[in-house]
Amino acid sequence: MTDFPRIGIGHDTHRLGEGGPLKLGGVEVEFDRHLVGHSDADVVLHALTDALLGALALGDIGELFPDDAEENRDRDSSDFVSEALARVQQAGYEVGNLDCVIHAQKPKLSPYKDAIRLRLAELLKTSQAAIGVKAKTGELVGPVGRLEAISAQCVVLLRPQETTASI
Ligand code: MG
């Protein structure tokens, strides 16, 4: 199973509520609204978790971390990514590269994109050069454009782990 690359896709949306801070990609973004959810509602990390799991057909984030489980209340979504990555590694894979799109009408994310890339690289034990982060507005239409929600999409490529030669 581990002799060819695997690709995974993830998507997530959360509603915006009054009051900050906003957490995106494991980074605190200055804003007067936050994402509402059972965990910390970080849409980027949720989409990433689903992409990692999906690449190996290991189910989805809701199966691993139910949103009605007490232990997941207000949970740091970095935990979800780390657990998904552990399963990736157990299966003999590592992250080749990741590409993400964040859909947010506000705030302007360009000052935060590099910090998000760095945090995602740390979480995935890879380099910042392997992480793409792009931001789009909602063009003032739809739930994103009306500032009702923020969405994220991620595509990840997994490659077989490089094995060290044994004697
Ligand atoms: Mg979610």
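## Exercises on a magnesium site and its sheet

Along the chain, the donors of the magnesium ion are spaced as D-x1-H-x31-H. The model is predicted: local features need pLDDT of at least 70, side-chain atom pairs count only at pLDDT 80 or more, and totals for chains, interfaces and linings use all residues. Residues are numbered from 1 along each chain as its sequence is written, and side-chain values use heavy atoms, with hydrogens and water left out.

**Exercise 1. The metal site**

Identify the atoms that coordinate the magnesium ion, and place D12 and H46 in the fold.

Step 1. A donor is an N, O or S atom within 2.8 Å of the metal (3.2 Å for Na, K and Ca); water is not among the atoms, so sites may look incomplete.

Step 2. D12 (OD), H14 (NE2) and H46 (ND1) coordinate the ion at 2.2 to 2.3 Å.

Step 3. D12 belongs to strand β1 and H46 to helix α1, so this pair links distant parts of the chain, 34 residues apart. Helices (H or I, at least four residues) and strands (E, at least two) are DSSP runs, numbered from the N terminus.

Step 4. Buried means under 20% relative accessible area, exposed over 50%, and partly exposed in between (1.4 Å probe, protein chains only). D12 counts as buried because its relative accessibility is 16%. H46 is buried as well, at 7%.

**Exercise 2. The sheet**

Work out the strand order of the open sheet and the sense in which its strands pair.

Step 1. Two strands pair if DSSP finds at least two bridges between them.

Step 2. The sheet has 5 strands in the order β4-β1-β7-β5-β6, and its pairing is mixed. At the edges are β4 (33–36) and β6 (131–136), each of which pairs on one side only. From one strand to the next, the twist averages 25 degrees.

Step 3. Take the pairs in order across the sheet.

- β4 and β1 run antiparallel and are joined by 4 bridges; E18 stands opposite R33 in β4.
- β1 (residues 6–18) and β7 (residues 149–160) are antiparallel over 10 bridges; R15 has A149 in β7 as its bridge partner.
- β7 and β5 run antiparallel, with 10 bridges; H103 stands opposite S151 in β7.
- β5 and β6 are parallel over 6 bridges; the partner of H103 in β6 is K136.

Step 4. Add the helix: α4 (residues 113–124) lies across β5 (93–103) and β6, at about 140 degrees to β6. Axes are lines fitted to C-alpha atoms, for helices over the stretch in contact, and angles run from 0 to 180 degrees between N-to-C directions.

**Exercise 3. The cysteines**

Decide how many disulfides the structure holds, and account for C100 and C154.

Step 1. A disulfide is a pair of cysteine sulfur atoms within 2.5 Å.

Step 2. A search of the whole structure finds 0 disulfides. For C100, the nearest cysteine sulfur is that of C154, 3.1 Å away; for C154, the nearest is in turn that of C100. The pair does not count because 3.1 Å is not within the 2.5 Å limit.

Step 3. C100 is buried, at 1% relative accessibility, and C154 is buried with a relative accessible area of 1%.

**Exercise 4. Three residues and their surroundings**

Locate V36, H38 and S77, and list what each is in contact with.

Step 1. Contact means heavy atoms within 4.5 Å. The lists below leave aside neighbours within four places in sequence.

Step 2. V36 is in strand β4 and is partly exposed, at 29%. V36 is in contact with H14, R15, L16, G17 and A41. The C-alpha atoms of V36 and L56, 20 residues apart along the chain, are 29 Å apart.

Step 3. H38 is in the loop between β4 and α1 (43–55). Its contacts are P66, D67, D68, A69, N72, R73, D74 and R75. The H38 side chain reaches the backbone nitrogen of R73 at 3.4 Å. A polar contact is a pair of N or O atoms within 3.5 Å; within protein, one must be able to donate a hydrogen and the other to accept it, and residues adjacent in sequence count only if both atoms are side-chain atoms.

Step 4. S77 is in the loop between α2 (61–64) and α3 (78–90). S77 counts as buried because its relative accessibility is 0%. It is in contact with S39, D40, A41, D42, L45 and H46, and H46 is one of the residues that coordinate the magnesium ion.
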